[in-house]
Amino acid sequence: MDGSIDGGGRATRITAEEALQLHAMGRPGKLEIRLTKPLTTARDLSLAYSPGVAEPCKHIARSPSLAYDYTAKGNMVAVISNGTAVLGLGNLGALAAKPVMEGKAVLFKRFADVDAIDLCIDTEDVDAFVNAVRYLGPSFGGINLEDIKAPECFVIESRLRELMDIPVFHDDQHGTAIVAAAGLINAAHLTGRDLAEMTLVINGAGAAGVACAELLKAMGMRPERVILCDTKGVIYKGRTEGMNQWKSAHAVETKARTLAEALEGADAFFGLSQAGAVTREMVASMAAKPIIFAMANPDPEITPEEARAVRPDAIVATGRSDYPNQVNNVLGFPYIFRGALDVRASTINEAMKIAAAKALAALAREDVPDELDAASAAGGTRLKYGPDYILPLPFDPRLISRVPPAVAKAAMDTGVARRPIADLRRYARDLAAKLDPTGAALDAILEAVRANPRRVVFAEGEEERTIRAALAFRNAGYGTPILIGREDRVLDTLAALGVDGSDGMEIHNARLSGSNRRYAEFLYARLQRRGFLFRDCQRLVNQDRNVFAACMVALGDADAMVTGLSRSYSVSLEGVRLVLDPEPGHLLLGISILLTSQGTVFVADTAMHERPDAAQLAAIAKATAAAARRMGHEPRVAFLSFSTFGDPKGSIPESIREAVALLDARKPDFAYDGEMSADVALDPTLQALYPFCRLGGPANVLIMPGLHAAHILTKALPRLSSATVIGPILQGFAKPVQIVPIDSPASTIVLMAGFAAYQSLSR
């Protein structure tokens, strides 16, 4: 079911203020239009618009299919709703549905690189709605209907599919059905069942319930073994109360009249209704090894704990992210449309839906890569196919290369593909390279923390942004935030934020702490031969919150720390270094992650070394390449300079050449080269001028010649473009610590606290 997509683990709780702040900050909303062509000069504009635009217009008029070649139609989906069934909130109207539709568009882009535009139509009249949508075909490659109440949604989708020659897909129906069917395939396999012989009870005869019944029957379940229920009980042949044509199509001959009676001896249950609809007694009456998909949101028909209390042999799935086996639509719709768009399908038919379900089921049976399974691996266990893992995780990067090819093949096999793909293996490889893996890697890192909560010190505990970040950290289930500050001030700020008390958090006043003397003695033992008297160390512990926080981490009273809001980066770093040493054999450095429209680039060193020597440059390159690989990227490392392979000459390139020579001697397992200018590093066409260049493509790891150049790049880029910079992420300290830039929003503080917490998992 649609909802949280964090991939499992503990519950993610967010406050109303957090949600409103995200939607309102900066440019309101979650979407904007970006140009795909350089339009700088008057000539560029003439080519893009008048008179140049006339040429593609004339060609499309002669051959309409050329619209896919000359416009964005082939990668554009309209997300359309009238707001009559918004999430679990009911009929909020078209305008109030817009945040959800924007969110759906974000998921299309994030998971499958499909461009989507939200269209909210202000009518509940079926004819008016259909007429508003039917004429949009020339602009879009597909239509995703969303949050439209039953039974109108059935009529609307059916009529639009007849009227339009592009895919029309109501995700509330088919998305849920496809993902639930994938889970059922695996649950049946694990319990030794054949779909054709199973008895399934579905509670909820709305859009999703009816779609589940239709899809599973198409997959081989016998119609008489699929029992549909609604608020009035079993939908049986002869029933007249509360019926419509869609319910009547699934009426069966049965003596059962209530949900409890229908569940007696049933193999499986699909809940698409409301919390508490199923009792323990009902579960106890089911067949051996019952399959229970309690998918009501936000609370299931019965919780996994309740179901397993009476049936420990049950396989249980829900629509929630805080339990295993989340039935989440994001596993389906982005990839289904990706495959349909890429073969220019005229529709999304039953064969394509079944292919998607089978591909999802097959992926869950595969070994889970270490980088994806960070959460379980950190906790000493591993995700593997079984009762608690019957569906892939939503952030599994392999989804993009598994589901769309299966959908595309089904479209070709059934004759609805207007541009067949000749080489599906190559198509799968291209898809795997299409999406930047950084987002999935960040999800995995934070999920590992959620599975293994940490105690993280937020040093600047009286700052409002710090307090908001600490609340978000706690609410996300990442662990216990420890705020350093005066309790009355922290509590006053919490009250102003609408939070009563500090449950799940700790507040430590450095002066009043029972550990104050212990920290001062520890610090004095470190610094007494570096010009510090005991009173100096006592003053630092009392007055410098970074020192106090670092002492907590150094002495094991906390797992990690985050700071940086109230002082410059260098001053914050200086305080930390008074307390913490580098890990033996490791180099201290900062790695910044640049998220750009062209992909992710790792830049180092952005925190420590003003002018690194050759040995340091080589070590920085090795550490940053390893970090890039952990984030899912195959590193291509470029040592940057003003000079490209000796032209022009200067002193800086000499140290870079020595660094490259050092790596040559060590034979690392990643591509690297230098010295080179940034344009050569990032542009393969310029690299072709140097046939000996070993990068083999655009660099994704940039090793800077000094801190001055690193700061110029990372500070200027986000203010000159749409790029986002994460970091510097500190590496090499014996204990985990992260320092945020002084202008960081609360979301950045949470992320950096998550990095620090993750680093502590391996200590």
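Two strands are taken to pair if DSSP finds at least two bridges between them. In the predicted model, strand 9 (residues 291-294) and strand 10 run parallel and are joined by four bridges. One such pairing involves A294, whose bridge partner in strand 10 is T318. Both strands belong to an open sheet of six strands, arranged in the order 7-6-5-8-9-10 with mixed pairing. The edges of this sheet are formed by strand 7 (233-234) and strand 10 (315-318), each of which pairs on one side only. Helix 8 packs on the sheet, where it touches strand 8 (268-271), strand 9 and strand 10. The direction of helix 8 makes about 160° with that of strand 9.

The largest nonpolar core comprises 108 residues. Within this core, the residues that touch the most other members are I143, L145, L184, I202, F270, F293 and M352. Helix 8 (residues 171-190) supplies the largest share of the core, with 10 residues. The surroundings of L184 were examined with its neighbours within four places in sequence left aside; its contacts are then L195, M198, L216, M221, A268, F270, I291 and F293. A second core, separate from the one described above, contains 61 residues, among them Y478, I656, F670 and L751. In soluble globular proteins, nonpolar side chains tend to be buried together.

A charged residue was also considered with respect to burial. K247 is located in helix 10 (residues 245-248). Its relative accessible area is 13%, and because buried means under 20% relative accessible area, K247 is classed as buried. When residues up to four places away in sequence are not counted, K247 touches A205, D230, I235, R239 and G242.

Helix packing was analysed for one pair. Two packed helices are described by the angle between their axes and the distance between the axes. For helix 9 (residues 207-218) and helix 15 (residues 350-364), the angle is about 85° and the axes lie 10 Å apart. Since angles of 65 to 115 degrees count as roughly perpendicular, helix 9 and helix 15 are therefore roughly perpendicular to each other. Helix 9 contributes E214, L215 and A218 to the contact, and helix 15 contributes E350, K353 and I354. By residue class, the contact of helix 9 with helix 15 consists of three nonpolar and three charged residues, with no polar ones.

Key. Residues numbered from 1 in each chain as written. Predicted model: local features only at pLDDT ≥ 70, side-chain atom pairs only at ≥ 80, totals over all residues. Heavy atoms only, no water. Axes fitted to C-alpha atoms, helices over the stretch in contact; angles between N-to-C directions. Helix = DSSP H or I, 4+ residues; strand = E, 2+ residues; numbered from the N terminus. Parallel < 35°, antiparallel > 145°, perpendicular 65-115°, else oblique. Contact = heavy atoms within 4.5 Å. Nonpolar A, V, L, I, M, F, W, Y, C, P; charged D, E, K, R; others polar. Core = buried A, V, L, I, M, F, W, Y, C linked by side-chain atoms within 4.5 Å. Buried < 20%, exposed > 50% of the residue type's maximum accessible area, 1.4 Å probe, protein only.
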